[in-house]
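Got the structure open in your viewer? Here's a short tour of what to select, stop by stop.

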Amino acid sequence: MSALVATRAPLGRQLRSELRWILRRPRTVIGLASLCLVPVLAGIGLWFAVDGDGPAGPGLAAIIAGNGLVLPVFTLMLALPLLLPLVGAIWAADGLAGEAQHGTLRGLMISPVGRLRLLGIKAFGVATMTLFAVTLIAFVGAITGVVLFGGEGMLTLSGSTLPIGAALGRIVLTILLVTVQVWGVAAIAMAISACTEHPLVVMAATMAGVIVFAVLGIFSALDWLHPYLITSAWDGLIDVMRDPLPTEALWRGTALAGCYILIGMSLAAMRLATKDN
Amino acid sequence: MTTSTSARVEPATAGSTPVLAARTRGLRKVYGRTVAVDRVDLDVPRGAVLGMLGPNGSGKTTTIRMLLGLVRPTEGEVELLGKALPDGVAQALPHVGALVEGPGFHPFLSGRENLRRAAAFEPLLATGDIKQAVEDALERVGLAAAAHRRYRGYSLGMKQRLGLASALLVKRKLIVLDEPTNGLDPAGTREVRKVIADLHEAGSTVVVSSHLLSEIEATCTHVAVLHRGTVVAQGELAELLHADSSSLLVVTPDVDEALNALRAGRISARPIEGGVRVELIGTTAPVVVQALVNAGVAVHEARRHRTGLEDLFARLTEAEESEHNLSAVDTIEEGAR
Amino acid sequence: MNRRRVTVVAAAVGVVAGATGLGLLAMPAGAGPAPVLPDVSAEALVESVLNAKPAAFGGTVDVDNDLGIPAIAGVPQLSDGASNLRIWTDGTGKLRVQLPGGDSERTFVDDGRTAWLWDSADQTVTKLPHGSFERAEPDLGGEPKAAPTDPVTLSRQVVAAIQQYSDVTVDGTARVANRPVYELVLTPKPTEKTVLREVRVAVDSELRVPLRVAVLTNGTDAPAAQVGFSELTVGPQDASLFAFAPPAGAKVTEPEVGEPSAEDKAAAEKVFTEANPQVIGEGWDVVLAARVPRDALAGLAEAQQRGQREGRWSDRGQDADVDVQGLVKQLGKPVSGAWGSGTLITTRVGGVLIADDGRVAAGAVPEQVLVDAIGQVK
């Protein structure tokens, strides 16, 4: 019996299984479908608004007329404060708390999957799905935008028009930046998820945190606190629509989200390594 | 009473101690201020079917969870397939199949998909073999016909069988089943017994926990009785039953004389209706009968009292703190080593 | 150490590292050690600043206000708080300035022949061909007295003028936008009555242009206002930055020049004459005083109400959406004295006294100086 050697299932197989598992879940399918509706509804709403006098709305909405490629960026900015964190939190909640609730986490550990590796697999699943969801919104947004508003290029907030290549580059950049922000939230959700068996607790706690952060961000008396709040970086992401591209706020926001990811994943790892199942 | 008909414990290969599939020493687990398990020294001989018997809350599941590295003992050691936990988890656990605290599956996936997911994480399964292994396991627990249905719609028995199937995805050296017949109808129970017997036949070690005595008696070669978080008796089922059956019922009208005679011979006895009950501790039936006859007691009938596991269990768990029982346990444990 | 403990320790390190990262991000960018630069006298520094040749550069200017003035919607750079603007110039007069504001942006581009002003909030472009808008400006009079053309002489005179009211010193060196600078400090002479404590100007050691200006007031350490580069690239800038083509779909307006401009000019000059602006005091204590025609404020308020009735005013831009009279009353406190009565608005860098009869006095001085000044308004 001393001839037993440590063996692990192939990582690729485990990751594939994880993604398959997430995608098979009805709520994932419903969630992704409703995310696709966001850019369509936003586009239709703006389309009616553009017909009226004056700008279609504040911010990016003002430059949407004849500028369809702005729609994916507009929609992502719209979805970032609430919708995307919710989606990330759901996946993080189902990843650990949901599995614990169904008793399947125990099964995975007996397989065995090392606890750190399990966290890695779960993080991979959430990260990939987040990227997928954000890309999906942007893709549907771009199609909807071009159909409704047309657009050979992209008018920036600064008044210059980017050629199609640069415009697509900006959309990809927005996708990446927004995804990293959602990862930041999802990492914290993952840490909560490692501590409970109730997915709803994870979702509620995460969304409460996002909302509280947003509210704290309103009070100027707390401006010493603002640089620590991940939500404070979200408004600054609109810099992707300025030309030339100002990178400072974007780097800062990404680094901020990176710190949240590091903290969240570390807490989750700490909890998972010491947890009794 | 199917005691040792199928007992096929592998002979000790190294030294005098039998090779153990699992072993715990001084196991203790404290949750907050509750001591769930204390001083558990469990031996699971290789090839045995060990029944863990105990009322609900006696620490069976906690012990099993520690055995599988799911829970970290507060004190004590666990050795699984010869590897010390927790460091040996990656070596030992691939060879261990388990069904702990009921079956755990995703309600929105079909039985087959659930098993595929579990199989993807099995280190010993080659990727190409997963499909076949899943089908085989489904077949084995009789779920092949319902495999396409969502787990959500399964009956309790089907869920239990699926859990069993996931423990059987790979040929295991050790299989741990926590209350495997929970929720099963008599037919299902029989099937589980058959699966356990097959596993045993194939040389796997099986640990079954149950609060049902009949269950243990029907399937196990070994038994460990847990009570209030500690092992109160363990050993081969046959030995335990034999050790426990070492009382002699003597039917006699002269109860007082009989008691006096036996006390004189330093044999422990107590009166029962229509006679005396003699504990065969440090003595044998012929000696007892001889002593009674010598004292002129009329012995109408003398027979071995075969209690079965139920009595043993009841005595071990109910009439606690009695000197008699404690000494009995000591005897049993000595006999088991 | 077992693996579990290693994991826990590593994870704890991760948490600490993440928290430290947050702290570092929250901290203002470290200034780094002060660079070692050759000594320079304050006079020479001021002269070199005045004689500096315009250079091509691009950069970001951080504006940090703590003046205690109201927020001006749409233009954060003029309101309290932190904001920034981006500026590029080729050194020969071409200029690009971008004013990011929340989720919109104003861009000003001067391509050498035409100046363009873009506002993303209403997708409008204002086109100002060169030679039109200078003429439209009212002649503010008070032409500088026969200025010497020699820049060196001029700068000497300026230095002398500054030194008449201020102590000018060089207070070591520092780094601004990662460039070595001299810290030039102008401190009012003790006899000055201004509320300002000092003005610090960070002068680039190489280009001799100010990279940061900070105004400090009595009683606090933090600047009441600070404007400085947070990022600066010196050298030729991309030529495309100084070109602007109005995007398709944008409304392009061109303020008409010529016939109406004469009227405007006349009107402006009339207002100017009526207002009779005057400068009272000298040095740091200078107070600008004027007499606003009595009906001017009322007229403004009326126009606003009219606009609101027609429901069009708010479409014209948010900054016009201000109740001027109400705002004045709201911001200031009523004061009265031998000179009359009015409203005093104080900020950390000075105040404005608006008398009910239309007299106005403003300066970086305490209340009493303003009151004295308004008494002198004719």
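Keep in mind as you go that this is a predicted model. Start in chain B: select Gly69(B), which follows H1(B) and has a positive phi, near 75°.

Now step back to helix H1 of chain B itself, residues 60-67. How many of its eight residues are buried? Eight of the eight are, so the helix is largely enclosed by the rest of the structure. To see them, select Lys60(B), Thr61(B), Thr62(B), Thr63(B), Ile64(B), Arg65(B), Met66(B) and Leu67(B), the buried residues of H1(B).

**Over to chain A: H2 and H3**

Select residues 26-51 of chain A for helix H2, then residues 70-79 for helix H3. Their axes come within 10 Å and cross at roughly 115°, which makes H2(A) roughly perpendicular to H3(A). Look at the hand of it, too: the crossing of H2(A) and H3(A) is right-handed.

Who makes the contact? On the H2(A) side, show Val38(A), Pro39(A), Ala42(A) and Gly43(A). On the H3(A) side, show Leu71(A), Pro72(A), Phe74(A), Thr75(A), Leu78(A) and Ala79(A). Try coloring this contact between H2(A) and H3(A) by residue type: you'll get eight nonpolar residues, two polar and no charged.

**Still in chain A: H6 and H9**

Next, pick helix H6 (residues 115-149) and helix H9 (residues 248-274) of chain A. The axes of these two come within 9 Å, with a crossing angle of roughly 140°. H6(A) and H9(A) are therefore oblique to each other. Their crossing is right-handed.

For the contact, select Arg115(A), Leu116(A), Leu119(A) and Ala123(A) from H6(A). Add Met265(A), Ala268(A), Ala269(A), Leu272(A) and Ala273(A) from H9(A). What's the mix of residue types where H6(A) meets H9(A)? There are eight nonpolar residues, no polar and one charged.

**Where chain C touches chain A**

Bring chain C into view alongside chain A. Here 32 residues of chain C are in contact with 34 residues of chain A. Which elements of chain C give two or more residues to this side? They are helix H1 (3-26), strand S3 (95-101) and strand S4 (104-110) of chain C. Go for H1(C) if you want the largest share of the side of chain C that touches chain A: 14 residues come from this helix. Color that whole side of chain C by type and you'll find 15 nonpolar residues, 10 polar and seven charged.

**Chain C as a whole, then a sheet**

Hide everything but chain C. Its secondary structure comes to eight helices and 18 strands. Of the 378 residues in chain C, 26% are buried. Among contacts in chain C with a separation of 6 or more, 53% join residues 24 or more positions apart.

Now find the open sheet of six strands in chain C, which runs in the order S13-S14-S18-S17-S16-S15 with antiparallel pairing. Which strands sit at the edges? Select S13 (278-280) and S15 (333-337) of chain C, each of which pairs on one side only. Turn the sheet as you look: its twist averages 25° from one strand to the next.

For a last stop, zoom in on S13(C) and its partner S14 (residues 287-291) of chain C, which pair in the antiparallel sense over three bridges. Click Val279(C), then look across to S14(C) for its bridge partner, Leu288(C).

Conventions. Residues numbered from 1 in each chain as written. Chains lettered and ligands numbered in written order. Predicted model: local features only at pLDDT ≥ 70, side-chain atom pairs only at ≥ 80, totals over all residues. Axes fitted to C-alpha atoms, helices over the stretch in contact; angles between N-to-C directions. Helix = DSSP H or I, 4+ residues; strand = E, 2+ residues; numbered from the N terminus. Parallel < 35°, antiparallel > 145°, perpendicular 65-115°, else oblique. Left-handed = near helix turned anticlockwise from the far one by under 90°. Contact = placed C-beta atoms within 7 Å. Nonpolar A, V, L, I, M, F, W, Y, C, P; charged D, E, K, R; others polar. Pairing = 2+ DSSP bridges. Buried ≥ 20, exposed ≤ 12 C-beta atoms within 10 Å, placed from the backbone.
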